Structures are given as structure tokens and as C-alpha cells.
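This note is addressed to a colleague who is meeting the structure for the first time. Please read the numbered points with the sequence and the model at hand.

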Amino acid sequence: MEDYAPVQVDEAMQQDVIHLVRLAISEDLDRAMDWTTVCLIPPEIRGGCQIVSRQSGIVSGLAVLPWVIAEFDADIELKVLCDDKDRIESGTVLAKLSGNVRDLLTSERVILNLLSRMCGIATLTDRYVASLRGTRSKLYDTRKTTPGWRRLEKYAVRCGGGRNHRMGLYDGFLIKDNHLALASHHAAPLEIAGAVERAIRWRGTQVENMTAPRIVEVEVDSLAQLERVLPVGPDIVLVDNFSLDDLVQAVEMRDRLAPGVELEASGNVRIDTIAAIAKAGVERISCGALTHQATSLDLGLDWYDSFAREHSAT
């Protein structure tokens, strides 16, 4: 079955990074300057530092770091020592930065904030993925992302071994209760199976206009709803907040009525529940916690031990 498109390190992501870094620069410098650095550090001083992890985890964000530095218009050379998706231990050096010390100090916090956030999401995702080993289930993210950060956060999920659900509202059809309730309020009552049929027909008329995967997915909150929509043939049925017993019954019903339809479990998905959900036999599990509950990985910027000696010698 066609799946949602994975997030790529591409021009669209570069534009997001540029917007975020410009906002971050505005937050830190406003229309002024780094007064402390300008006061204490002569403009000609050059040095080197390294980004060091204080925790074990999964790397994410190094691929976009050149765009961050470029947006600062900084006199900084970057040497990347790890790859995104790498598993690291505490004390691992991710990258080395060298150049004008004023530029290094001024860009330090933005660089660390971005990398720490992305590494934290990748690390949490890796923990969830580990709980799925030996099952048929694959882990997907959601749209519960930080505004402006969606591509970066979804890329971090990929670095941790997860998969990307739809990028936005433009990316396929996902029929939910609110769509049915509001559509019925302003027109003739719209039953869930009829809504799926309408989406499938409408998709057929819009193929040339749809650049994203043309997936029709519908959310159900009961076995009765599931039984009504399966014969219509959506690509995916999102079984929301089902108990474990109901998930097992849902898989059995799907296998009997529409074996080509994939089931996606959502709701109450936590690190301590995901393994049991997967054992019910669903193909997909979507989890908002990957992005909205992730804790940033502790990264630091350490000056080279030799920097003081090198500077004094010059």
C-alpha cells in the first residue's frame, strides 16, 4: 500500500530552518548585539570548540547544521564527526566548530537548542521502536508538533527509527468525528461509511491536483463503526482509544471483512503500553508523545583544551 511520504533533508526543510534561525536570532539579539561577548572578547580572537553529548542517545540535526551556521553569516568552520541516526554514548563529540570566537559564542545557544531538541525526539522514538521488535507494527508520528518545527521534528522521528504520518492537512484524507458532525450540521446527515465513499470518489476526481500520497484514512471509535467502514475499502482505519480486547476483535474483523485494509491504533500510546498494543496485530501505531513529550538531549559546547595555549602563543 502507498504510504505517507517521509520527510527529507531538502529545500523545504532548509526554508524551515532559515525561518526558525531568523526567529531565534531575533530572540537572542533583537536589533542589538551580544553585549557581553563584544565587551570581553577582542574581534580578532579565533578558537575552536566541540559539541559534546552529556547523555547517550540518537543523533539528529547534524544534517541541517550548515544551514544554521550560514544564516548567522558566521566566520565558522564545521567538521561533523557523527551522522544522523548514529547511536552515541555520553561524552561523544558530535561536531567541531572553529573560527571567530565572537561568532561561536553568539551562535552557541541556537545551535545547541536545535540539536538538543532533535536528538531528544530521535532518542525517545528509538525507545518506542525497541518496544515493537518482534511484532508487525510500525511506529508513526502525528501532527502534534511544535508550530514551525514540524519538518525538523518529523525528521528526528525518522532518525530514531519511526515513520512519518501525514505532513499536513494537504497530505491525504483523514476523516474524523468532527468532520462528520459539522458536515451533517450544515447538510443532510453524513454517516461514516458514506463519508468514506465520498472521499474515495472525490479522490478520483482530484488525482492530477494531489502531489501527496492519495490515502483515504478514517477514524473510528467503536467496533460497530469499524464494521460499517471496512466493506467500503478505505486504505487505513484509525482505531482510536480501543481497549486491548477491542483491538484484538478489530484485527479479527478486518481479517474477515477487508484483509487489504490496514489498521492504525492511536490513543493511550505510551512507552509502557505500546508493546501490548502491537501484540494485538495492528500494522500501525501513531503516537503524539514522540514529539510533544520528548525531552531534549543534554548537549554542551566545550572549548578545546589547547585553545588557551594556542591563543597565548599568538
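Is Glu 191 buried, partly exposed or exposed? The relative accessible area of Glu 191 is 35%, so this residue is partly exposed. Please bear in mind throughout that the model is a predicted one.

1. The salt bridge of Glu 191. The partner of Glu 191 is Arg 228, and the N to O distance between their side chains is 2.5 Å. Glu 191 belongs to the loop between helix 6 (177–186) and helix 7 (192–205), whereas Arg 228 belongs to helix 8 (residues 223–229), so the salt bridge ties together parts 37 residues apart in sequence. Arg 228 is likewise partly exposed, with a relative accessible area of 40%. In total, the structure has 16 salt bridges.

2. The pair Arg 163 and Asp 3. These two residues form a salt bridge in which the closest N and O atoms are 3.7 Å apart. Distant parts of the chain are linked in this way: Asp 3 is in the segment before helix 1 (11–29), and Arg 163 is in the loop between helix 5 (150–159) and strand 7 (173–175), 160 residues apart. Arg 163 has a relative accessibility of 36% and therefore counts as partly exposed. Asp 3, at 22%, also counts as partly exposed, because the cut-off for a buried residue is under 20%. Both residues belong to a network of salt bridges that also links Glu 262 and Arg 284.

3. The pair Glu 283 and Arg 136. A salt bridge of 2.9 Å, N to O, joins the side chains of Glu 283 and Arg 136. Here too distant parts of the chain are linked: Glu 283 lies in the loop between helix 10 (274–279) and strand 11 (284–286), and Arg 136 in the loop between helix 4 (101–130) and strand 6 (138–140), 147 residues apart. The two ends of this pair fall into separate accessibility classes. Glu 283 is buried, at a relative accessible area of 11%, while Arg 136, at 46%, counts as partly exposed.

4. A buried glutamate without a salt bridge. Glu 217 is part of strand 8 (residues 216–220). What is the nearest side chain of opposite charge to Glu 217? That side chain is Arg 284, 5.9 Å away, and Glu 217, although buried, has no salt bridge. The cut-off for a salt bridge is 4 Å, so a separation of 5.9 Å does not qualify. Glu 217 does have a polar contact of 2.7 Å with the side chain of Tyr 4. Apart from residues up to four places away in sequence, Glu 217 touches several others, including His 165, Phe 173, Ile 236 and Glu 264.

5. A buried arginine. Arg 117 is located in helix 4. With a relative accessible area of 15%, Arg 117 is buried. A polar atom of the Arg 117 side chain is 2.6 Å from the backbone oxygen of Thr 291. Beyond its neighbours within four places in sequence, Arg 117 is in contact with Thr 146, Trp 149, Glu 153, Thr 291, Ala 294 and Ser 296.

6. Cysteines. How many disulfides does a search of the whole structure find? The search finds zero. For Cys 49, the nearest cysteine sulfur is that of Cys 82, at 15 Å. Cys 49 is buried, its relative accessible area being 0%. For Cys 159, the closest cysteine sulfur is in Cys 119, and the 8.4 Å between the two sulfurs is too far for a bond. Cys 159 is buried as well, with a relative accessible area of 5%.

7. Strand 1 and its partners. Strand 1 (residues 46–53) is mostly covered, with seven of its eight residues buried. On strand 5 (residues 93–100), strand 1 has an antiparallel partner, and the pairing runs over seven bridges. Within strand 5, Val 93 stands opposite Val 52. Strand 1 is also joined to strand 12 (residues 299–303), again in the antiparallel sense, by five bridges. The bridge partner of Gln 50 in strand 12 is Asp 302.

Key. Residues are numbered from 1 along each chain as its sequence is written. This is a predicted model: local features need pLDDT of at least 70, side-chain atom pairs count only at pLDDT 80 or more; totals for chains, interfaces and linings use all residues. Side-chain values use heavy atoms; hydrogens and water are left out. Helices (H or I, at least four residues) and strands (E, at least two) are DSSP runs, numbered from the N terminus. Buried means under 20% relative accessible area, exposed over 50%, partly exposed in between (1.4 Å probe, protein chains only). A disulfide is a pair of cysteine sulfur atoms within 2.5 Å. Lys and Arg count as positive and Asp and Glu as negative; His and the chain ends are not counted. A polar contact is a pair of N or O atoms within 3.5 Å; within protein, one must be able to donate a hydrogen and the other to accept it, and residues adjacent in sequence count only if both atoms are side-chain atoms. Contact means heavy atoms within 4.5 Å. Two strands pair if DSSP finds at least two bridges between them.
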